[in-house]
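Here is a short walk through one protein fold. Keep the 3D view open and turn it as you read.

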Amino acid sequence: KEEIFSEIGLTQGAPLLGYFGRIDIKEKGVDVLLDALEMVADKIPSIFLILAGNGVDEKILKEIALKKNLPVLFLGNLENIWNYLNACDIVILPSRVEPFNIVMIEAGFLGKPVIGANVDGIAETLKDHRTGILFSKENADDLKNKIIELLTDKNLMERIGHNLMDDIHNRFTIENIIPRIEEFYSRLLLQE
């Protein structure tokens, strides 16, 4: 964490939010995240957001961030996200549509708390206030409230991160997935 903070010029201990994925408005809702960040920064001036990835709306979102003077850094595509992901205090998934989010699983393996929009595959994995925090999709004010709630309750942040890690290790490891896939195919073969 110290290495990443030094690399991006952040003061140690500053709350760090992370978004990892396609820089997209229509499906990924990165605009909602930037709107929420602006409101959170009014209450917690030391907050900072990193966005890893690229996409069709990257230029537009960079212009919005610059115009509003948001505490954000666009990292572009990264070869290895693990150090950045591990440096984050909270991982945010603001998607408008999301069948299944790999970053949610990766964050869970690291025990990172995740705040996600209450949509599709995100809501199937994150159970509100147990294995994650859900906010109403497209609602920047609700997202702002959830970010502040987690940042001001370290016990909740720790518990959710730990619960997500347990859930991910119980459901998404090779040892658990392969037998389920084999069982599924066996049932299919028996139906013929």
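The text below goes from the sheet to the helices beside it. Bear in mind that this is a predicted model.

Start with the sheet. Six strands make it up, and it is open. Reading across, the order is β3-β2-β1-β4-β5-β6, and the pairing is parallel. Two strands sit at the edges: β3, residues 72–76, and β6, residues 133–135. Each of these pairs on one side only. Neighbouring strands in the sheet are not aligned exactly; on average they are turned by 25° against each other, direction ignored.

Now look at one pair inside that order. Strand β1 covers residues 16–20, and strand β4 covers residues 90–93. They pair in the parallel sense over two bridges. To find the register, pick Leu17: its bridge partner in β4 is Ile90.

Next, move to helix α7, residues 140–151. This helix lies across four strands: β1, β4, β5 (114–117) and β6. Relative to β6, α7 runs at about 160°. That angle is over 145°, so α7 and β6 count as roughly antiparallel.

Then follow the chain to helix α8, residues 154–171. The axes of α7 and α8 come within 6 Å and cross at roughly 100°. The two helices are therefore roughly perpendicular.

Which residues make the contact between α7 and α8? From α7 come Glu149, Leu150 and Leu151. From α8 come Lys154, Leu156, Met157 and Ile160. By class, five of the contact residues are nonpolar and two are charged, with no polar ones.

Technical notes:
Residues numbered from 1 in each chain as written. Predicted model: local features only at pLDDT ≥ 70, side-chain atom pairs only at ≥ 80, totals over all residues. Heavy atoms only, no water. Pairing = 2+ DSSP bridges. Axes fitted to C-alpha atoms, helices over the stretch in contact; angles between N-to-C directions. Contact = heavy atoms within 4.5 Å. Parallel < 35°, antiparallel > 145°, perpendicular 65-115°, else oblique. Nonpolar A, V, L, I, M, F, W, Y, C, P; charged D, E, K, R; others polar.
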